[in-house]
Amino acid sequence: MPLYSIAVFLSLKRIYKHKIMSTEMEVVSVLQYLDNKSILVIGAAGFLANIFVEKILRVAPNVKKLYLLLRASKEKTATQRFNDEILGKDLFKVVKEKYGPNLNQLTSEKVTIVNGDICLEDLGIQNLDLAHEMIHQVDAIVNLAATTKFDERYDTALGINTFGALNVLNFANRCAKVKICVQVSTAYVCGEKPGLIMETPHRVGETLNGTTGLDINREKKLVQEKLDQLQAIGASPETIREAMKVLGLTRAKMYGWPNTYVFTKAMGEMVVGAKRENISLVLLRPSIITSTFKEPFPGWTEGIRTIDSLAVGYGKGKLTCFLCDLNAISDVMPADMVVNSILVSMAAQAGKQKEIIYHVGSSLRNPLKNKTFPEVAYKYFTTKPWINKDGKAVGVKNIQILSSMNSFHRYMTMHYLISLKGLEVANMVLCKLLDKEFKEFHRKIAFVFRLVDLYQPYLFFKGIFDDTNTETLQKMVSQTESKTFYFDPKVIDWDSYFVDTHIPGLVKHVF
């Protein structure tokens with residue numbers, strides 16, 4: 001469906017819906033909801049979870065308790081991880097400035113670290129007294145845990161994204177007071193579907209291509225059978241890892257999903273939807289998450305996220321071409337807006353005993369065309385070039401745009417594959433004297449092709465995410481709290497955001 005037709009359809013739909021709802025619009029106060037509430041946060045060490053915890057500590061000091069599920073590592077206890085990997089981050093500098101020496105008292109009163117593992121039944125909580133306390137005290141559960149690698153090992157992705165989500169839901173069903181469970185998914189569970197993508201659920205066994213036979217328990221059994229086979233023949237850890245990656249991608253594509261990440265997240269949605277019983281369930285589907293728009297300060301980010309690899313590679317002078325449809329739309333949403341939508345959804349849906357889906361994105365109401373990315377990158381790095389380790393400014397040029405897979409293959413052939421063939425011939429003539437150089441060059445080229453294969457569905461993505469439910473949710477925020485819990489993508493000027501906020505944030509926190 002063309003973008004213009006989508007816009008007309010949605011405009012008429014919203015006018016009609018507004019007439020029905022205008023006299024009965026519910027208004028919620030997030031701060032009142034958070035008052036004296038105990039919240040279990042799953043995946044507390046993650047990017048979004050850090051922002052979620054910071055936001056509550058900063059604006060809602062009357063929250064009763066934040067239970068943070070963290071897995072102890074070989075080197076650190078769960079509590080040490082909280083102090084070092086969460087509270088120790090630059091993200092919390094505003095909270096530290098606000099509370100000063102009282103911060104330690106605040107966190108000791110408001111934060112309880114739970115040593116556990118989402119991949120295990122009962123969340124792997126060994127402290128039975130603490131588990132008993134949580135079962136009788138927790139009011140809300142927010143699952144932010146995920147592995148987001150497109151080609152993650154299938155056993156790992158299933159354990160966290162699918163059965164981890166089920167473990168969280170099962171724990172929620174044991175809790176006496178839980179009125180809301182938020183499962184953070186991804187908008188891209190839709191696969192490569194073009195046109196208008198509605199806020200509708202994935203039901204157990206449904207596939208994107210109509211292939212029958214998807215059984216989530218069977219997927220788990222297949223993984224275990226494959227692992228048993230590999231271990232029986234004494235396969236190396238590297239061989240097992242690659243086999244698990246291949247298995248995940250194979251199973252995903254069999255049922256119509258482009259990669260292991262979105263496939264296992266879709267199955268996670270299926271299982272929690274089927275097992276929620278009387279718990280209110282929010283399935284929140286953010287699109288591509290970027291650095292903070294405004295709070296606690298603009299531009300905070302962590303790690304190299306999907307589109308960030310392009311900016312990093314370009315700024316460092318390593319990216320000479322960009323593969324995409326320049327007129328296609330990328331759906332991007334700043335992280336603080338995603339967190340605000342989670343908090344508002346909790347206040348709005350607690351106790352309603354239903355399942356609701358929210359697309360949290362920008363493609364419908366503030367579309368961002370792909371052509372913006374090379375433009376803003378060039379604008380930023382020509383005025384503020386990256387300084388390399390030798391202290392020299394890295395010069396950048398207008399990037400070459402490859403608008404189709406055919407043009408990409410021609411580019412790779414002319415610039416790399418012919419050279420690779422020449423190096424292969426020279427290596428043979430010289431009795432493999434250049435074997436190391438040939439293998440390294442071949443590895444790098446294979447890596448590029450693999451990345452393109454993984455990301456290609458999103459470089460040419462033609463979907464637009466309907467956000468009718470999310471727009472309604474935004475209108476439910478009380479006027480006094482609208483500046484605190486903002487998530488309207490229409491306020492974003494994309495050129496200004498990338499040049500003045502996002503790319504400077506990448507340079508400061510990631511480069």
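**Notebook: pockets, cavities and a sheet**

**Entry 1: an open pocket.** I started with the second largest pocket, whose lining divides into nine nonpolar, five polar and six charged residues. The model I am working from is a predicted one. Next I looked up the space in this pocket and found about 430 Å³. Its lining counts 20 residues. Cys 119, Gly 159, Phe 163, Asn 167 and Lys 220 are the ones nearest the centre.

Which helix gives the largest share of this lining? I checked, and α8 does, with eleven residues. Helices α8 and α9 (216-232) each bring at least two residues to the pocket.

**Entry 2: following α8.** Since α8 had caught my eye, I looked up where this helix sits. Helix α8 spans residues 154-174 and lies across three strands: β1 (38-42), β4 (140-143) and β5 (180-184). Against β4, the helix runs at about 180 degrees.

**Entry 3: the sheet.** Those strands sent me to the sheet. How many strands form it, and in what order? I found seven, in the order β3-β2-β1-β4-β5-β7-β12, and the sheet is open. The pairing is parallel. A reminder to myself: strands in a sheet pair through backbone hydrogen bonds, and the pairing can be parallel or antiparallel.

Which strands are at the edges? They are β3 (111-115) and β12 (355-360), and each of them pairs on one side only. I also noted the turn between neighbouring strands of this sheet, which is 20 degrees on average with direction ignored.

I then zoomed in on one edge. Strand β2, residues 65-70, runs parallel to β3, and five bridges join the two. To see one bridge for myself, I picked Leu 69, whose partner in β3 is Val 114.

**Entry 4: closed spaces.** Rolling a probe the size of a water molecule over the atoms shows where empty space is left. I looked for cavities of 30 Å³ or more and found that the structure holds two.

The largest cavity has a volume of about 180 Å³. It is lined by 15 residues, and nearest its centre lie Ile 307, Leu 310, Ala 311, Phe 373 and Ala 377. Is the lining polar or nonpolar in the main? By class I noted 13 nonpolar, one polar and one charged residue. Three helices each supply at least two of the lining residues: α12 (308-315), α14 (372-383) and α18 (494-509).

The second largest cavity holds about 40 Å³ of space. Its lining has four nonpolar, one polar and five charged residues. Among them I marked Glu 54, Lys 55, Arg 58, Asp 336 and Tyr 486. Which helix gives the most here? It is α3, with four residues. I noted that α3 (47-59) and α13 (335-349) each supply at least two.

**Entry 5: what the record says.** Last, I opened the UniProt entry, which is unreviewed. It places the feature "domain: Thioester reductase (TE)" at residues 43-342. In the model, the end C-alpha atoms of that span lie 15 Å apart, and the span is 45% helix and 14% strand.

The UniProt annotation "domain: Fatty acyl-CoA reductase C-terminal" covers residues 425-511. Here the end C-alpha atoms lie 38 Å apart, with 62% of the span in helix and 3% in strand.

Conventions: Residues are numbered from 1 along each chain as its sequence is written. This is a predicted model: local features need pLDDT of at least 70, side-chain atom pairs count only at pLDDT 80 or more; totals for chains, interfaces and linings use all residues. Side-chain values use heavy atoms; hydrogens and water are left out. Two strands pair if DSSP finds at least two bridges between them. Axes are lines fitted to C-alpha atoms, for helices over the stretch in contact, and angles run from 0 to 180 degrees between N-to-C directions. Contact means heavy atoms within 4.5 Å. UniProt positions are given in the numbering used here, feature names are shortened, and annotations may be inferred rather than shown by experiment. On a 1 Å grid over the protein atoms alone, a cavity is a set of points where a 1.4 Å probe fits but cannot get out, and a pocket is an open set with protein on both sides within 12 Å along at least five of seven lines; lining residues have an atom within 4 Å of a point. Grid points are joined across faces, edges and corners, and a volume is the space filled by probe spheres set on the points. Ala, Val, Leu, Ile, Met, Phe, Trp, Tyr, Cys and Pro count as nonpolar, Asp, Glu, Lys and Arg as charged, and the others, Gly among them, as polar.
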